[in-house]
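Work through the following exercises with the sequence and the structure side by side, and try each task before you read its solution.

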Amino acid sequence: MRTKMFAVVAVGVLTLGAAAGCTDDDGATDSAGGGNTRAGTGGGKVGVILPDTKSSQRWGTDDPKLLKAAFDAADVPVDIQNAQGDKVKFGQIADGMIASGVKVLITVNLDSGTGKTVLNKAKAAGVKTIDYDRLTLNGGADYYVSFDNVAVGKLQGEGLVKCLAAKKAELPLVADLNGSPTDNNASEFKSGYDAVLQEKYDDGSYLKGPDQSVADWDNDEAGTVFKEMWEQTNEQIDGVLAANDGLANAAIEILKKDKRNGDIPVTGQDATVQGLQNILAGDQCMTVYKRIKLEADAAAELAIKLYKGQKPVVEGRGVKDPESGSYVPAKLLPPTAIDKTNVNLVIKDGFAEKKAVCAGRFAALCKENGIK
Ligand code: BGC
């Protein structure tokens, strides 16, 4: 039978290809009327800096599209740029936006340190700041808009429990593939799923397996990490708590090589096209759908008020920054669990396009699962 515990830990603090160096980044600040003085026209813009395009579909596709739509609807000019996973570039984009006179800056940090530097510069220039999706620890942003990230993790933990029960897995060994150690959300997701899984370890019905973070949510790195977990456990892992769909897919690719995909439940997050397809194929047990339209609309609503010189009022006392201990006025939205039985909801909601999810070999699976 099975021996206990795998002391695999050690968060790989690999700074993968960070800082591509001091590239000439003129293109990064192309839209705000030139010059490096505050515009002084009373015009200005709202600036948005997104983190990368590889850790999740959302940053390159969903968030920019939905944010732009929200600002366009209000006729408020917005400059949306993406730092492409490069912290230097993140800072350069911010410098350019501040110099060009943005009135409000919405950022998704790549880590709290570099995120805070930007928030400080913005504040010093009188620019209002909104942390979008990720809280910048000790950053003191004026507002924070996100999902209830502990609830996201709880849905992942509960989803895995449900899938393991459906597989009638006995004494399952569970591996955790966590998000980036520099993302506060990753810690919150983990505290949500750990709370669910710990009960199972405590009552002796599950075994705790390898538990490791993936630097920068890097999907390739996740494949390497999971391969190691799989080998170290002699391929004995019975369930994978993967923190998002990209990490999930990396694990599924490794399982596929041993034809074990589908046997071993894997969780996810973001309801990406790939995640939904993996669910329909039976390779992924669930994902968490976050209605990014609501998140984009909420951030835009705040930004538009700030842009117009109003002071938005947010209900509740806000979110406690675990580092500074201060409360940041916040709007947190509820997540929804998705499995094979309700993939349709994500499509009906207009978040995922049927023609993308049901393309090619997935057409038959869509039909089988009543996707309309
Ligand atoms: C977001 C997730 C996303 C992950 C990787 C997190 O901060 O909340 O939606 O999958 O970053 O980009």
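## Around the ligand

**Exercise 1.** In this predicted model, find which helices each supply at least two residues of the shell around the ligand.

Solution. Going along the chain, one arrives at helix H1 (57-60), and further on at helix H6 (184-202); each of these supplies at least two residues of the shell. As a next step, look at the residues around the ligand, of which there are 14, and note that Ser55, Trp59, Asp133, Asp183 and Asp270 come nearest. Sorted by character, the shell holds 3 nonpolar, 5 polar and 6 charged residues.

**Exercise 2.** Determine how far an oxygen atom of the ligand is from an N or O atom in the side chain of Asn185, and then examine Asn244 and Lys290 in the same manner.

Solution. For Asn185, the distance from a side-chain N or O atom to a ligand oxygen is 2.9 Å. For Asn244, a ligand oxygen is likewise found 2.9 Å from a side-chain N or O atom, and for Lys290 the corresponding value is 2.9 Å. The ligand taken alone exposes 310 Å², and the protein buries 100% of that area.

**Exercise 3.** Explain where the ligand lies with respect to domain 1 and domain 2.

Solution. Begin with the cavities: the ligand sits in the largest one. Then consider the shell, to which domain 1 (13-147 + 292-333) and domain 2 (149-290 + 336-368) both give residues, so the ligand lies between them.

Technical notes: Residues are numbered from 1 along each chain as its sequence is written. This is a predicted model: local features need pLDDT of at least 70, side-chain atom pairs count only at pLDDT 80 or more; totals for chains, interfaces and linings use all residues. Side-chain values use heavy atoms; hydrogens and water are left out. A residue is near a molecule or strand if one of its heavy atoms lies within 4 Å of it. A polar contact is a pair of N or O atoms within 3.5 Å; within protein, one must be able to donate a hydrogen and the other to accept it, and residues adjacent in sequence count only if both atoms are side-chain atoms. Accessible areas come from the Shrake-Rupley method with a 1.4 Å probe; for residues, only the protein chains shown count as cover. On a 1 Å grid over the protein atoms alone, a cavity is a set of points where a 1.4 Å probe fits but cannot get out, and a pocket is an open set with protein on both sides within 12 Å along at least five of seven lines; lining residues have an atom within 4 Å of a point. A molecule sits in a cavity or pocket if more than half of its atoms lie within 2 Å of its grid points. Helices (H or I, at least four residues) and strands (E, at least two) are DSSP runs, numbered from the N terminus. Ala, Val, Leu, Ile, Met, Phe, Trp, Tyr, Cys and Pro count as nonpolar, Asp, Glu, Lys and Arg as charged, and the others, Gly among them, as polar. Domain bounds come from an automatic or database domain assignment.
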